[in-house]
Amino acid sequence: MSALFFQRKFRHHRAVVASLLVLALILTTIPLPFFGSNTAQAAAEKKPVELVEKRTATSKTYDNGDGTFTTKIYSTPVHFQENGLWREIDPSVKKTADGSYEN
């Protein structure tokens, strides 16, 4: 069989595959709530929860409850390490009985 026969035979298949790929690309750009999913509404009702095990000296990471995460990065430390765990830095200042101040 000639190469021309195969080119003609599979030309239709290439057009179908190309059309399916274009359709898939278009569908991936449409947000899910457009299709009737209430994922965005459910995510809006949930409050982000901090993932304490993901803390660093200058960051906090939150689980948004919708499969996404948010990391807040600070320019100065907001945590200190104590016994292998990251603890919150307490910025409050208190007056002691002798009139001095302590953190």
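**Entry 1: the whole chain**

I started with burial: of the 103 residues in the chain, 11% are buried. I'm keeping in mind that this is a predicted model. Next I pulled the accessible surface, which comes to about 8700 Å². Carbon and sulfur atoms own 62% of that surface. Then I turned to contacts with a separation of 6 or more, and found that 11% of them link residues 24 or more positions apart.

**Entry 2: elements**

I tallied the secondary structure and got two helices and seven strands. Reading from the N terminus, I wrote the order down as α-α-β-β-β-β-β-β-β, so to speak a helices-then-strands string.

**Entry 3: a sheet**

I went looking for strand pairing. β1, β2 and β3 form an open sheet in the order β1-β2-β3, with antiparallel pairing. Which strands sit at the edges? I noted β1 (49-50) and β3 (69-73), each of which pairs on one side only. I then checked how β2, residues 59-63, is joined to β3: there are five bridges, and the two strands run antiparallel. For one specific pair, I looked up Asp-63 and found its bridge partner in β3 to be Phe-69.

**Entry 4: Arg-55**

I picked Arg-55 next, which lies in the loop between β1 and β2. Is it buried or exposed? Its relative accessible area is 11%, and the cut-off for buried is under 20%, so Arg-55 counts as buried. I wanted to know what surrounds this arginine. Setting aside neighbours within four places in sequence, I listed Glu-50, His-79, Trp-86, Arg-87 and Glu-88 as the residues Arg-55 is in contact with. For Glu-50 I also have a polar contact: its side chain and that of Arg-55 are joined at 2.7 Å. Glu-50 falls in my notes on the sheet too, since edge strand β1 covers 49-50.

**Entry 5: a nonpolar patch**

Last, I looked at the surface for nonpolar side chains. Which residues form a nonpolar patch there? I found Val-16, Leu-20, Leu-23 and Leu-27, with about 340 Å² of accessible area together. I followed up on one of them, Val-16, and placed it in helix α1, residues 3-28. The relative accessible area of Val-16 is 37%. Partly exposed is the range between under 20% for buried and over 50% for exposed, so Val-16 goes down as partly exposed. Its value also fits the patch rule, because patch residues need over 30% relative accessible area.

Methods: Residues numbered from 1 in each chain as written. Predicted model: local features only at pLDDT ≥ 70, side-chain atom pairs only at ≥ 80, totals over all residues. Heavy atoms only, no water. Pairing = 2+ DSSP bridges. Helix = DSSP H or I, 4+ residues; strand = E, 2+ residues; numbered from the N terminus. Buried < 20%, exposed > 50% of the residue type's maximum accessible area, 1.4 Å probe, protein only. Contact = heavy atoms within 4.5 Å. Areas by Shrake-Rupley, 256 points an atom, 1.4 Å probe, with all protein chains shown as cover. Polar contact = N/O pair within 3.5 Å; in protein donor to acceptor, adjacent residues only side chain to side chain. Patch = residues over 30% accessible without salt bridge, like charges linked within 9 Å, V, L, I, M, F, W, Y side chains within 5 Å. Salt bridge = Lys/Arg side-chain N within 4 Å of Asp/Glu carboxyl O.
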